[in-house]
Amino acid sequence: MAQQWDSPQMVKGTRMRWSAVVIYGLLLFFAAIYVLPLVVMLLTSLKPLPEIYSGSIIALPHEWTVKPWIDAWGQTCVGLSCHGIKGYFWNSTKMTVAAVTISTAIGMLNGYVLTKWRFKGADLLFGLILFGCFIPFQIVLIPMATLLGKLGIASSTPGLVLVHVVYGLAFTTLYFRNYYVAFPDELIRAAMIDGAKFFSIFFRILVPNSAPIVVVTVIWQFTNIWNDFLFGASFSTGESAPMTVALNNVVNTSTGEREYNVHMAAAVIAALPTLLVYIVGGRYFVRGLMTGSVKG
Amino acid sequence: MASLELLKIRKRYGELDILKGIDISVDAGEFLVLVGPSGCGKSTLLNMIAGLDTVSEGEIRIGGRRVNDLHPSERDIAMVFQSYALYPNMSVKENIAFGMEMRKVPKPEREQAVSEVAKTLQIDHLLDRRPAQLSGGQRQRVAMGRALVRKPRIFLFDEPLSNLDAQLRVDMRTEIKKLHQRLGATIVYVTHDQIEAMTLATRIAVMRAGELLQLGSPAEIYNRPANTFVAGFMGSPRMNLIPGTLKSQAGALHLEVTAEGAAPARVFLPQVPEATRAYLGREITAGLRPEAISDKLDGGGADGRPMIEAVVEVTEPTGPDTLAVLLLGGREITARLQPDSTLKAGERGRFAIDLSKLVWFDPASGARVA
C-alpha cells in the first residue's frame, strides 16, 4: 500500500524528537515576545485608571471597562480641544483612501504604458521613477512646503493627499510595472486585433487581471500613508491633522495625571485600520488569477 | 476571403536585417504555410501581416489594397496565437464575442454569431466556463472560435498546435484542414513543423535567416527542393544528400561515392538530366529520398532501376515500414524498406534506386542543378 503523503517533505523517522521540542519552544518564546506589547496595550486600555497606577501591567483587570475607549474616541483632549480623536480618525481615513486610490490608479496606468506601450527611453524613465523610491522623506520637506503654499493647499487634507500620491507613485509604478512585464503580450495583441484601443485594453483586459498586485499595492500604500507621521506633522495644523499626529498630541498632553488607559485605547484605534486591511486583503493575496490565460 | 500580396518586405531592427526582401503572393482561398527553423523571421512576417509589427520597407496588400498603415483591427484579419491568448477574466462566450463587442455589434447579433460558431466547433457546452477551466484542446477550439466568429478576409495562425500533445495535434490538424475546405478561407499559417506544412498547405514558403528559399506547392517543395537546405528541412527522415563524383566509363555514367577508410561505391546511372553533364568528372551532390531506395526488387533490377549493394548498419521498424541506415561507400544513407524486411544489422543487401526521384545539387552553392 502506497504511503499517503500529506506534505512533500522527506521521511522524518522516529528519532530527533528533541529538535522539534527545541524549535517549537523557541518559536513559542519569540511569538510571546512579539505579542506581549499588544497584550499590555489591550489590558491597560480595559482597566480603570487607579488600577493601572496600583497594579502590575500584565495583570488582568479586576474591573473590566470600555470607558477609556469611549473617552479616547469622543472626549479626550488633543492639544487644546477636547472632542476625542474621532475627527482626526476621519481626517486620516479621507486622506488615506484618496491617496491610496489615486496613487494606485496612476501607478497602474504607468505600469501599463511602461510595459505594453513601450517608447524610446521607457527603461530610462522607469529607472528615474525607481530612483524616487530611495529619496528620504526629510529631503523633500521644504520644497514640498513651498509647493503646497503656492498651490494654496497647505495645512489641508488635499495637500497631504498630494504629498502622499507624489511620494507613493514611485512604489506603485514599480509594482505594476513588474507585474505587467510578466503579463502575456499575446493577450494585448489579441485585444488589438479584436479592435480594442488603449483604454479598452487597459480596463477590459489588464485591470480585471490585476487583483493580486492591486492587493499588494493597496496594503503597502495604505499602511505607509496611514502610519505616516512626518508629513502629517509637517504639512497639517490643528483640526486638519491626521490620526498619527493627533495620537502624539493626546499622549503628550502634559496637564493632569496621565490617562494611560485612554492613550492605549487611542493607540489601538489608530492601528485598527491597517490591521483590517491586512485581514481583508490577505485572503486575495495568494489567489493566482492568471492561471489558464496561457497554457498552464 | 481575399488575396494576399507581400511585395519586397523588409524588416530592420537598427542594424539587424530580420527580413531581407520577401515576395509572396497567394490567391484568395489558398492555405499558405510559412515554415522554417526558429529565428527565420516567419513569425515576424506574420505579425507584420497582422499589423502587430511595422514594415520597414515594401508593401502588404490584402485583397489588392495596401494595408501597411492600417491598425490591426482595420485589416479585417483574425489571428490564432500559439498561447491561445484567451482573456482569463472572461467566459468562453465573452472571449468569442469580445471582438464584436469592440465593434459595437448589437447584442442579439453577437449571441447569434457566438452560438453558431460554438456549434461548428462543438464547444457550445463550454460557453459559460473560464479559460482556466478548459483543457488544452478546448482552449485551442475557443481560440479558433474567436477568429472564426469575425468572418475575416484572412486567418492568421501562429504555431497554433505546438502546445498540444502529439495525438491531439494530429486531430486538430485535420480539423483545421476541414475548416479550410469548408470555408474556402485564405489562411496564413506559421509553423516549424514540416509535417504540418506538408499536410495543410496549398502553398509552402520555406524561409531561412530572413530569406525566402522556395515558394511552391507541397509536391514541388518535396520533389523538387530548390536547394540542399529545403531538401534537408522538408521530409522525415531527411533526404539523403550524397556527395560524390560524376564519372563516365566506356560511355556509361556512374556516381562514385567515396569516404575515408572505405572502398568506393558506384551507382550506375542509365540516364541523367542534361544539366548534370556539366559536372562530368567533378563533384556533385545527389539528393535521394529514403523511399526512393527500396528493397522491393521486383524484376531483379531488369526494369532499369539501378541496383546498389550496401551494408545495413541499423534497422528501425516503425510499423508501416522499416527504416534502415545503409553504408554506401562509407557514407550513411537512410532507406525506407518494407515493413517485413528481414535484413539485420551487419548484413549486406541489394537495393533498387528510383531514378525519377533523384535530384542533383551543386556542392558549392547548394542550389539544385536538376
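**A helix of chain B, its surroundings and the contact with chain A**

In chain B, helix 2 is followed by B:K104, a residue with a positive phi, near 60°. This helix is a good place to start a tour of the structure, which is a predicted model. Helix 2 of chain B spans residues 92–102, and eight of its eleven residues are buried, so it is largely enclosed by the rest of the structure. The buried residues are B:V92, B:K93, B:N95, B:I96, B:A97, B:F98, B:G99 and B:M100. Part of the cover over these buried residues comes from chain B itself, including helix 3 (107–120) and helix 4 (136–148).

Confidence comes next. For chain B the average pLDDT is 91, and 98% of the residues score at least 70. The model has an ipTM of 0.83 and a pTM of 0.82.

Turning to the nonpolar interior, the largest nonpolar core holds 121 residues. Those that touch the most other members are B:L32, B:V33, B:L34, B:L156 and B:V188. One of them, B:L156, can be followed through its neighbours: leaving aside residues up to four places away in sequence, B:L156 touches B:L46, B:I49, B:A50, B:I77, B:M79 and B:V188. The residue B:V188 thus appears twice, both among the core members with the most contacts and as a partner of B:L156. Another core, of 17 residues, lies apart from the largest one, and its members include A:A99, A:V100, A:V163 and A:Y167.

Chain A also offers a helix pair to look at. Helix 4 of chain A (residues 86–116) and helix 7 of chain A (residues 157–181) have axes that come within 6 Å and cross at roughly 35°. The crossing of these two helices is right-handed. Where helix 4 of chain A meets helix 7 of chain A, the contact residues comprise 17 nonpolar, twelve polar and three charged.

Finally, the two chains meet each other. In this contact, 21 residues of chain A face 24 residues of chain B. On the side of chain A that touches chain B, the elements giving two or more residues are helix 8 (185–193) and helix 9 (198–206) of chain A. Helix 8 of chain A gives the most to this side, with six residues. Sorted by class, the side of chain A that touches chain B consists of eleven nonpolar, six polar and four charged residues.

Technical notes: Residues numbered from 1 in each chain as written. Chains lettered and ligands numbered in written order. Predicted model: local features only at pLDDT ≥ 70, side-chain atom pairs only at ≥ 80, totals over all residues. Buried ≥ 20, exposed ≤ 12 C-beta atoms within 10 Å, placed from the backbone. Helix = DSSP H or I, 4+ residues; strand = E, 2+ residues; numbered from the N terminus. Contact = placed C-beta atoms within 7 Å. Nonpolar A, V, L, I, M, F, W, Y, C, P; charged D, E, K, R; others polar. Core = buried A, V, L, I, M, F, W, Y, C linked by C-beta atoms within 7 Å. pLDDT = per-residue confidence, 0-100. Axes fitted to C-alpha atoms, helices over the stretch in contact; angles between N-to-C directions. Left-handed = near helix turned anticlockwise from the far one by under 90°.
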